[in-house]
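This report describes how selected helices and strands are arranged in one protein chain. The sequence and model are shown first.

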Amino acid sequence: MTRRMDNTERRARLGIRHRLAGPPAHDPVEVTRDLVVLHATDAATVYLGAAARLHAPVIKDLEHALYADRTLIRMLGMRRTMFVAPVEHAPVVQAACTDAIAVVQRKLLLKHLAEAGHDGGDPWLRDVEQATLAALVARGSATASQLSADEPRLRTQLSIDEDKPYGAAPAITSRVLNLLSMQGLIVRGRPRGSWLSTQYEWAPASAWVPGGLHQHDAAAARVELARLWLARFGPATPADLKWWAGWTGAQVKAALAGLDVASVTLEDGTAAVVLADDVEPVVSPDPWVALLPALDPTIMGWVGREWYLGPHSPALFDRSGNPGPTVWVDGRVVGGWSQRPDGKVVHRLLEEVPAGTKKRITTAASELEAWLGDARVKPKFRTPLERELSA
């Protein structure tokens, strides 16, 4: 008989495996491994997501892991989204997701170059890439502006939607650097500014990742990435994995076929899977609360979110499906939070919770406010409740 996993058990698994309940993690690398990756479209999400799960969250520890020890790496991966990944998992992400994205983005850049009247085609672009990489290797690390000075062809301009009000004529600098990054040849290094900055230096991947990023066959990498994800996000449906990884249905089917999985039934009767050695019930953790940042990996872990999000999507997501900062209680989203310009962290509950829980949420907000100090965090994607609270 297929085992049933109800929402209570799923929320318990979420709390324990995402380090929101029970003992906190010891360092940011451990946090990242427990979440598979940290979402990094917003620079703040990396730090706030780690801070919510660490016993003594210190910004310099995360920066040390990213830029000194290099045990974490910032890279483009699933759904053409930026993540921070453990360095040992980066080659898996590269083969499972990023290599295919690079092919698509290369074709798109060539199309835009042709539309702008640049007829050199793929040979010209490859020559620009090789020259840019050589300039970067010579420097050791460099900013985009330094590399465009070394390789003037990076300043070649595109003409995108020039006949429309929002048309633009951007240089290809960032497109080429991103493409080199997607191909696993260069990586983002230290930001040019504070921990909230999104302007990075670049470095050759060969000097950053032992063995480089090209270590796996794509099909085998998809199996391994599916295993890593199921271990932290299972039980889940194939549709959840398809959305999270950005794969085709056929790729999801093949990846799951390469794993030893067990079928389970969710509370609403939906069929789902877990790793075969992960079917035993978990012990419910002690009550917990958390204030998680916009785009946190936990809220972004599944496409079917009703079991933890309830009816709160309109207030907490923007029109493109990006979540803002959220308040969690025992595996459920119960509200949202924001930081005002004066630094105060404020929150609003969207459903009733016990008085003791309200007090713990208020305490968590005060602790986050103290941790942020003089820093001001504004999500890249603004949601209705976050906008209202920040006013």
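In this predicted model, helix α1 lies across strands β1 and β7 and runs at about 65° to β1. Helix α1 covers residues 7-17, and nine of its 11 residues are buried, so the helix is largely enclosed by the rest of the structure. The buried positions are Asn7, Glu9, Arg10, Arg11, Ala12, Arg13, Leu14, Gly15 and Arg17. At the N-terminal end, α1 is capped by Asp6, with a side-chain oxygen of Asp6 3.2 Å from the backbone nitrogen of Thr8. Beyond the helix comes Arg19, which has a positive phi near 60°.

The strands crossed by α1, β1 and β7, belong to an open sheet of three strands in the order β1-β7-β8, with mixed pairing. Strands β1 (3-5) and β8 (271-275) are at the edges; each has a single partner strand, so one side of each lacks a neighbour in the sheet. On average, neighbouring strands of this sheet are turned by 50° against each other, direction ignored. Within the pair formed by β1 and β7 (residues 261-266), Arg4 is opposite Thr265 of β7.

A further set of pairings centres on strand β4 (residues 82-86). Five of the five residues of β4 are buried, so this strand too is largely enclosed by the rest of the structure. Strand β4 pairs with β2 (residues 38-39) and with β3 (residues 72-76). His39 has Phe83 of β4 as its bridge partner, and Leu72 stands opposite Pro86 of β4. Strands β3 and β4 make up a hairpin with five residues between them, and Arg79 in the turn has a positive phi of about 60°.

The pairings described above compare as follows.

| Strand pair | Sense | Bridges |
|---|---|---|
| β1 and β7 | parallel | three bridges |
| β2 and β4 | antiparallel | two bridges |
| β3 and β4 | antiparallel | five bridges |

Elsewhere, two helices pack against each other: α6 (residues 121-139) and α8 (residues 173-182), at an angle of about 80° and with axes 11 Å apart. The two helices are therefore roughly perpendicular to each other. Helix α6 contributes Leu125, Glu129 and Thr132 to the contact, while α8 contributes Val176, Leu177, Leu179 and Leu180. By class, the contact residues of α6 and α8 are five nonpolar, one polar and one charged.

Methods: Residues numbered from 1 in each chain as written. Predicted model: local features only at pLDDT ≥ 70, side-chain atom pairs only at ≥ 80, totals over all residues. Heavy atoms only, no water. Axes fitted to C-alpha atoms, helices over the stretch in contact; angles between N-to-C directions. Helix = DSSP H or I, 4+ residues; strand = E, 2+ residues; numbered from the N terminus. Parallel < 35°, antiparallel > 145°, perpendicular 65-115°, else oblique. Contact = heavy atoms within 4.5 Å. Nonpolar A, V, L, I, M, F, W, Y, C, P; charged D, E, K, R; others polar. Buried < 20%, exposed > 50% of the residue type's maximum accessible area, 1.4 Å probe, protein only. Polar contact = N/O pair within 3.5 Å; in protein donor to acceptor, adjacent residues only side chain to side chain. Pairing = 2+ DSSP bridges.
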